[in-house]
Amino acid sequence: MLGGVTETTAAPSPRTDGLPGGPEELAAALRSTGYLPDEGLATAAYLALVMRRPLFLEGEAGVGKTALARALAAVTGRPLYRLQCYEGLEASQALYDWDFGRQLLHLRAAEAAHATADTASLEASLYDRRFLLARPLLQALEDSPSVLLVDEVDRADDEFEAFLLEVLSDFTISIPELGTVRADVPPLVVLTSNRTREVHDALKRRCLYHWLEHPDFDREVAILRTRLPEVTEQLAREVARATAKLRTLDLLKPPGVAEAMDWATALHALGARDLDPDLAARTLGAVLKYREDTDRVHSLARGALFGGG
């Protein structure tokens, strides 16, 4: 209340650009695709959309970082282009390359047709757009608006990270033979990191940042029931509870939501309607991916880990 006048907050006006009207509306749209975000993640994704800023998602493997990009593409109706990062990734593998095979065939066809007298024109024709192989970054700029997923950026080298920062600064790509490609509408960029190494601050500052935690018990049960409707409520609850217990152990690779889904699917395929300790122990390969982790769990009391209580 200011000066005797009660302050009220006006409801946000409906957007006219086709984007969700707010974080709650985006969260509802994401839930319709089977992706269940919490309030913080829905807000970060909404701001990335309306502010046209890259969204940097960091967290353990399997918590839903990559899945969010797919869900955002679905709810916005945009095509999704994925750049999977790895050690040694070079700019040409992310941007574009020339199709040397087709260029050679074109050159041979010109020779057969005795059309090689004008060497300048022939050379120029070799660098026509039809001979260009677009990689994910170029595809995302050309097919605007789009969603660009830069997956596991922490696996790329420092040099590629610096190059990526330059591209994300103005969303333009210069092709010497053809000119500059600029997106009419900047793509929604989602960068993910499993934090195998620290990503440079310069790249993080260019982005909105969100850390994804493992979901709480109720939300994980809801995710399992939404994504795996054939799984019983009892089995979903017991798998979620057991997965949460596994995450408290000193494992090399704590299981994420993806592993919990695999585990529930495996148990359902074996006819389980609840989490029997012996059956759970026999299906650990669906949820644990390291021998040391499996050995550690087998050495513990099965009932304590996989009991229904």
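Throughout this passage, a residue is called buried when its relative accessible area is under 20%, exposed when it is over 50% and partly exposed in between, with a 1.4 Å probe and protein chains only. By that definition Cys85 is buried, because its relative accessible area is 2%. The structure is a predicted model, in which local features need pLDDT of at least 70 and side-chain atom pairs count only at pLDDT 80 or more, while totals for chains, interfaces and linings use all residues. Residues are numbered from 1 along each chain as its sequence is written, and side-chain values use heavy atoms, with hydrogens and water left out.

The overall picture comes before the details. The protein has 309 residues, and buried residues make up 45% of them. Its secondary structure comes to 15 helices and nine strands; helices (H or I, at least four residues) and strands (E, at least two) are DSSP runs, numbered from the N terminus. Contact means heavy atoms within 4.5 Å. Among contacts between residues at least 6 apart in sequence, 74% join residues at least 24 apart.

Helix α1 (residues 23-32) offers a pleasant place to start, with two partners to consider. The axes of α1 and helix α2 (residues 39-51) come within 9 Å and cross at roughly 105°. Here axes are lines fitted to C-alpha atoms, for helices over the stretch in contact, and angles run from 0 to 180 degrees between N-to-C directions. Angles under 35 degrees count as roughly parallel, over 145 as roughly antiparallel, 65 to 115 as roughly perpendicular and the rest as oblique. The helices α1 and α2 are therefore roughly perpendicular to each other. On the α1 side the contact involves Pro23, Leu26 and Ala27, which meet Ala42, Thr43, Ala45, Tyr46 and Leu49 of α2. These residues divide into seven nonpolar, one polar and no charged, where Ala, Val, Leu, Ile, Met, Phe, Trp, Tyr, Cys and Pro count as nonpolar, Asp, Glu, Lys and Arg as charged, and the others, Gly among them, as polar.

The second partner of α1 is helix α3 (residues 65-76), whose axis comes within 9 Å of that of α1 and crosses it at roughly 100°. That angle makes α1 roughly perpendicular to α3. Leu26, Ala29 and Leu30 of α1 and Leu68, Ala71, Leu72 and Val75 of α3 make this contact. The residues involved are seven nonpolar, no polar and no charged.

Attention then turns to the loops. Cys85 lies in the loop between β2 (80-84) and α4 (91-94). Its C-alpha atom is separated by 5.6 Å from that of Glu152, 67 residues apart along the chain. Apart from neighbours within four places in sequence, Cys85 is in contact with Val150, Asp151, Glu152, Val153, Arg155, Ala156 and Phe160. Glu152 itself sits in the loop between β5 and α8 (158-170), and has a positive phi, near 55°, in a residue other than glycine. Another such case is Phe171, not a glycine but with a positive phi of about 50°. Phe171 belongs to the loop between α8 and β6 (172-175) and counts as buried because its relative accessible area is 8%. A further backbone feature is the cis peptide bond from Ser144 to Pro145, with omega near -5°; Pro145 is placed in the loop between α7 (136-142) and β5 (147-151). These features deserve a remark because most residues other than glycine have a negative phi, and most peptide bonds are trans.

Leu95 occupies the loop between α4 and β3 (96-98) and is buried, at 11% relative accessibility. Not counting residues up to four places away in sequence, Leu95 touches Leu133, Ala134, Arg135, Leu137, Leu138, Phe163 and Ile173.

Further along the chain, Arg247 is part of helix α11 (residues 233-247). Buried residues in α11 include Leu235, Val239, Leu246 and Arg247, the last with a relative accessible area of 17%. The side chains of Arg247 and Glu220 are joined by a polar contact of 2.9 Å, that is, a pair of N or O atoms within 3.5 Å; within protein, one must be able to donate a hydrogen and the other to accept it, and residues adjacent in sequence count only if both atoms are side-chain atoms. Finally, Val297 of helix α14 (residues 291-299) is buried, with a relative accessible area of 1%.
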